[in-house]
Number of protein chains: 4
Amino acid sequence: QSSTMIQPRFMRVRSALFRESMAEFLGTFVLLLFGCSAAAQVKTSRETKGQFLSVNMSFSVGVMSAMYLTKGISGAHLNPAVTLSFCVLGQVPWSRLVPYSLSQILGAYTASALVYFVYYDAIMEFSGGVLTVYGANETASIFATYPSEYLSLSASFLDQVVGTGTLLLCILCLGEKRNTPAPEQLVPAIVAAIVLGISMSMSGNCGAAINPARDLGPRLFSLTAGWGTEVFTCYNYWFWVPVVAPLVGAVLGTLIYLIFIEWQLPDHPPEDPHTESSFSNKPIPSVTWDSKEELKEASQQI
Amino acid sequence: QSSTMIQPRFMRVRSALFRESMAEFLGTFVLLLFGCSAAAQVKTSRETKGQFLSVNMSFSVGVMSAMYLTKGISGAHLNPAVTLSFCVLGQVPWSRLVPYSLSQILGAYTASALVYFVYYDAIMEFSGGVLTVYGANETASIFATYPSEYLSLSASFLDQVVGTGTLLLCILCLGEKRNTPAPEQLVPAIVAAIVLGISMSMSGNCGAAINPARDLGPRLFSLTAGWGTEVFTCYNYWFWVPVVAPLVGAVLGTLIYLIFIEWQLPDHPPEDPHTESSFSNKPIPSVTWDSKEELKEASQQI
Amino acid sequence: QSSTMIQPRFMRVRSALFRESMAEFLGTFVLLLFGCSAAAQVKTSRETKGQFLSVNMSFSVGVMSAMYLTKGISGAHLNPAVTLSFCVLGQVPWSRLVPYSLSQILGAYTASALVYFVYYDAIMEFSGGVLTVYGANETASIFATYPSEYLSLSASFLDQVVGTGTLLLCILCLGEKRNTPAPEQLVPAIVAAIVLGISMSMSGNCGAAINPARDLGPRLFSLTAGWGTEVFTCYNYWFWVPVVAPLVGAVLGTLIYLIFIEWQLPDHPPEDPHTESSFSNKPIPSVTWDSKEELKEASQQI
Amino acid sequence: QSSTMIQPRFMRVRSALFRESMAEFLGTFVLLLFGCSAAAQVKTSRETKGQFLSVNMSFSVGVMSAMYLTKGISGAHLNPAVTLSFCVLGQVPWSRLVPYSLSQILGAYTASALVYFVYYDAIMEFSGGVLTVYGANETASIFATYPSEYLSLSASFLDQVVGTGTLLLCILCLGEKRNTPAPEQLVPAIVAAIVLGISMSMSGNCGAAINPARDLGPRLFSLTAGWGTEVFTCYNYWFWVPVVAPLVGAVLGTLIYLIFIEWQLPDHPPEDPHTESSFSNKPIPSVTWDSKEELKEASQQI
């Protein structure tokens, strides 16, 4: 009876795509819940309850938590740029790209809304009730990212390409058995550390979105919640940069990974007793983010 | 002879409930010893010996240490809201709820007393000997949490619901073999990182108690130690919020976890060679925080 | 030939005690090298190159590094209070207590001397060439710990008892198979996190020495290096507190661990298939910091 | 077809030396990309988007990421001083020393160039368009390290010897099975923590380069990018110190490791069931950074 309550068969969503989309929704929700809450706390407390570093660290914890929560169901991409890379690598079917991306954007939007309600009083107190994009009392940057005044368009595009490229370059190697893989059960923590590193070093120009969903979802929310159309029109319609550039950067980072590392690895992991057998013709599993991924994909065809 | 001294059979408490209550007492004691000491150090040194972040990090180390210390005996709940969730999930018998909670509150109370004695001189120096709840020299916040001036009651309730819900959502998945579990021996460190994330991002409004024992125990201590009844009456008897709202939040977070993750997982972990066997009728182990938990519970029936 | 250079048999010290003492010397040297360097860097840069937190974190990295370096040889106590606890527990022969302690003090002294030479120019620049114990330009606290002005003797004694007791309480459980042990190969990192927690929360009063060697070695160095006898006479000969109180605290923390945890654990670890066999009479291995410890001890009798 | 795209055999570089040099290039590129980006972010934001600590932490994440990325191919030395030590230990053939070092310097140079382009607008804004080595608006220290004004030449040489010696002393033990090794799959994270510790404690004098490539590559870049010859001539041609002293320090640190630890360890790891067999004559594997290293080296002879 108790176990029936806990695992009711009829509650399982039949569509694998829908189950995975729910997971991507929840994972991106958790990521942004941590990240935007920290941004709200640091901003509205005028850095008395945290600093720039705590926002970086909170996003990092959000990545780790979201990955433990959803990696077994959807792979925990949490980022359309990551999904795109896996599609390019042939690890995830292209049909997943749009539903995953929409779920991620929706998760980010929903988290922004919850952060808004939790920190509503603090935001009103801090801003004097005027929700703006510019000025010392601006609060729009709690949600979406905005460029520094001095930043040219091309530099901000390059910034997002490099940031997202670094992300993919550094995470694609973590599951590769032929290289020096991270412990499978600690991949979420390692990825979190990498995201922390990127946040601390590549957010100086325009906030290190490196994730179209992380930026577009909260920006859409701030549009609907009272910050006005300026969230999209400001800085000469800059909003498209953290949407488009991460996609370019992810593919570039993936390509650099393939050229420098993946294609240079031996055919078999060193543990394999048949490493020296040069007559092996069986197809070799290549980039493996997670072996469960393939299992899952295979089972979805049934 | 030496081993007799170290493991005297007669020193083992016969009642499993009492042994577990001792563990919950000690674990919550350790959690608050780290956390309140750090709050005292940062407050009384006027942030010259640490900052807001060090308080967050000390609570996090406290969680980790307390879990390594007591998880094998009582499960290391350290928090009535966590115990309640496990009761709801059928993992812990309902008869444990009250004794565990009382032990946790008592552990928090005792730790507060010890912190008070260790930092007595510093508190007197800082406060000029006047123990108050309000003002620049207040010291009550070393022990219990208090809301920001601007915060409405409903927002503070929502804040505690969301914080505790996030905690449960993020920790319930860590032991689930059918998902991507954390390394069993590193669960205390991962939970500590999650608590750090919540402390850095969801403590802006009212201090992220997310734990009735962590808040009520120290508040009771500060009542008896000279801060007066104001610790309970201030902010219009606000003290009940971090006692009640975490319980609501924990159950809500558990429910969201079940709906989005637990109920969507396959019946067997992917490692199981019989994964594809669709005729299996044997009951499936569900939410498993820790497999030792069941073993322990089973052995307690004897 | 190459392997002869790398592993020359004749270079192995024949006396196990001397090998272990060398390890304790080197380990405590590394601990203090990290810790005092960080203190010198933060102090002489007037907090522009680090803050209080970086000193805490550097001591923590020092603990981890020293443990990986020497745990396989001497157990990596790095602290006479830890050695004393293991003697009390019967894990380490009492004959080790004095040689280990002297090696630890000597290692701390030597590290202080090296830090002094590396930061000589910076210390002279900062202090204007006057090495003092008091005042805004004091530099003695780079090496040993000193109490806050407001602190009473009894409070500082309690402070060191509680800090060291917490250390022992939290680390003794990490290797206990019948509880929830930390991963054996990550014990140095977990201990480092615990030391970080203590440094962040229990150093407000008098610097969290919690280690007679960590305090006495550097204090002796600063005596010989030009700070004068004031390093011992100041604050009414306070220097004995971080030498004596940690020993008391370590034994107390060990006792609390035994009473609340060790003596309450089941006879066998849960993994043991014979857990339910209640007729087992064989002696049970008790507190196990590290199973290699016993192996080592055993082999030393030969 | 898909797997052909991902693992095209013809893309594998035939020369093992060239593959490894590519890996050292990419690894050092990633290390400097994280590190110099963080330095640029903290400097140009005038510490509003990070502090000294975030630069330390970013270099640390860079080390970890670069090691996961390249350790399986080249051993992830990322530092000529580390390569030199492995040559001295007989783990890496001497013929690798120059190609590895040049690849590392080139990787550091390339990363500096990318950081310059990403932060070009910020650097121009911060410096007013004048790229200088001295003064409050200097930006040369984003790339290479420079000594403090007060520092004597001999002290800066000692500083770099001690820093690099500490690095080697602390990392050489991590893979030694006869001691207490770190988890093989977490060595990159442990090394990252050690590098963080050194950066926080031994960078007060002259920036803790402890790596000729990390310093020379970016210095060459800043020479070519407009900072002028002063980057080499300043402080009386100081630039050679972080190039030469780390090499001396690495060999000294290695020697101390051998004398105090390596040569004192038992012949076999404790796990070995034949530990007590004193008649074994087979050659004993000594310092093992990574067992894959030997496999790789062996396979390269074919």
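## Helix α6 of chain A and its end

Just after helix α6 of chain A, Gly128(A) adopts a positive phi of about 65 degrees. The model in which this value is found is a predicted one. The helix that comes before this glycine spans residues 120-127 of chain A, and its buried residues are Asp121(A), Ala122(A), Ile123(A), Phe126(A) and Ser127(A).

Which elements do the buried residues of α6(A) pack against? Within chain A, their partners are α2 (16-44), α5 (97-118) and α9 (212-227). A further partner comes from another chain, namely α7 (153-172) of chain B.

## Relations between the copies

Chain A can be superposed on chain D by a turn of 90 degrees with a shift of 0.0 Å along the axis, and the resulting RMSD is 0.0 Å. The two copies are therefore related as by a four-fold rotation axis. These copies use different surfaces, since 5% of the contact residues of chain A recur in chain D.

Chain B and chain C offer a second pair for comparison. A rotation of 90 degrees, with 0.0 Å of shift along its axis, lays chain B on chain C at an RMSD of 0.0 Å. Here too the copies use different surfaces: 6% of the contact residues of chain B recur in chain C.

## The interface between chain B and chain C

The size of an interface is often expressed as the accessible area that is lost when the parts come together. For chain B and chain C this buried area is about 4700 Å², with 66% of it on carbon and sulfur atoms. Chain B contributes 49 residues to the contact, and chain C contributes 56 residues. How many salt bridges are counted between chain B and chain C? The count is zero. Polar contacts, by comparison, join 16 residue pairs between chain B and chain C, both residues of each pair being at pLDDT 80 or more.

On the side of chain B that touches chain C, the elements giving two or more residues are α1 (2-6), α2 (16-44), α3 (52-74), α5 (97-118), α6 (120-127) and α12 (291-301) of chain B. The largest share, 14 residues, comes from α3(B). By residue type, this side of chain B comprises 27 nonpolar, 13 polar and nine charged residues.

## Asn56 in helix α3 of chain B

Asn56(B) is placed in helix α3 of chain B. Is Asn56(B) buried or exposed? Asn56(B) has a relative accessible area of 7%; because burial is assigned under 20%, Asn56(B) counts as buried. When residues up to four places away in sequence are left aside, Asn56(B) touches Leu196(B), Ser199(B) and Met200(B).

## Salt bridges

Over all chains, a search of the whole structure finds 20 salt bridges. One of them joins Asp215(C) to Arg219(C), with the closest N and O atoms 2.6 Å apart. Both residues belong to helix α9 (residues 212-227) of chain C, where Asp215(C) and Arg219(C) stand four residues apart, about one turn of the helix. Asp215(C) is buried at 0% relative accessibility, and Arg219(C) is buried with a relative accessible area of 1%.

In chain D, a salt bridge is formed by the side chains of Arg219(D) and Asp215(D), at 2.6 Å from N to O. Helix α9 (residues 212-227) of chain D holds both Arg219(D) and Asp215(D), which are four residues apart, about one turn of the helix. Arg219(D) counts as buried at 0% relative accessibility, and Asp215(D) likewise counts as buried at 0%. In chain A, salt bridges with shared partners connect Glu176(A), Arg178(A) and Glu262(A) into one network.

## A salt bridge between distant parts of chain D

Another salt bridge in chain D brings together the side chains of Glu20(D) and Arg96(D), at 2.9 Å from N to O. Where do the two partners, Glu20(D) and Arg96(D), lie in the chain? Glu20(D) is in helix α2 (residues 16-44) of chain D, whereas Arg96(D) is in the loop between α4 (80-88) and α5 (97-118) of chain D. The pair thus links distant parts of the chain, with the two positions 76 residues apart in the numbering. Both Glu20(D) and Arg96(D) are buried.

Methods. Residues numbered from 1 in each chain as written. Chains lettered and ligands numbered in written order. Predicted model: local features only at pLDDT ≥ 70, side-chain atom pairs only at ≥ 80, totals over all residues. Heavy atoms only, no water. Least-squares fit on C-alpha atoms with pLDDT ≥ 70 in both. Contact = heavy atoms within 4.5 Å. Buried area = accessible area lost by both parts, 1.4 Å probe. Salt bridge = Lys/Arg side-chain N within 4 Å of Asp/Glu carboxyl O. Polar contact = N/O pair within 3.5 Å; in protein donor to acceptor, adjacent residues only side chain to side chain. Nonpolar A, V, L, I, M, F, W, Y, C, P; charged D, E, K, R; others polar. Buried < 20%, exposed > 50% of the residue type's maximum accessible area, 1.4 Å probe, protein only.
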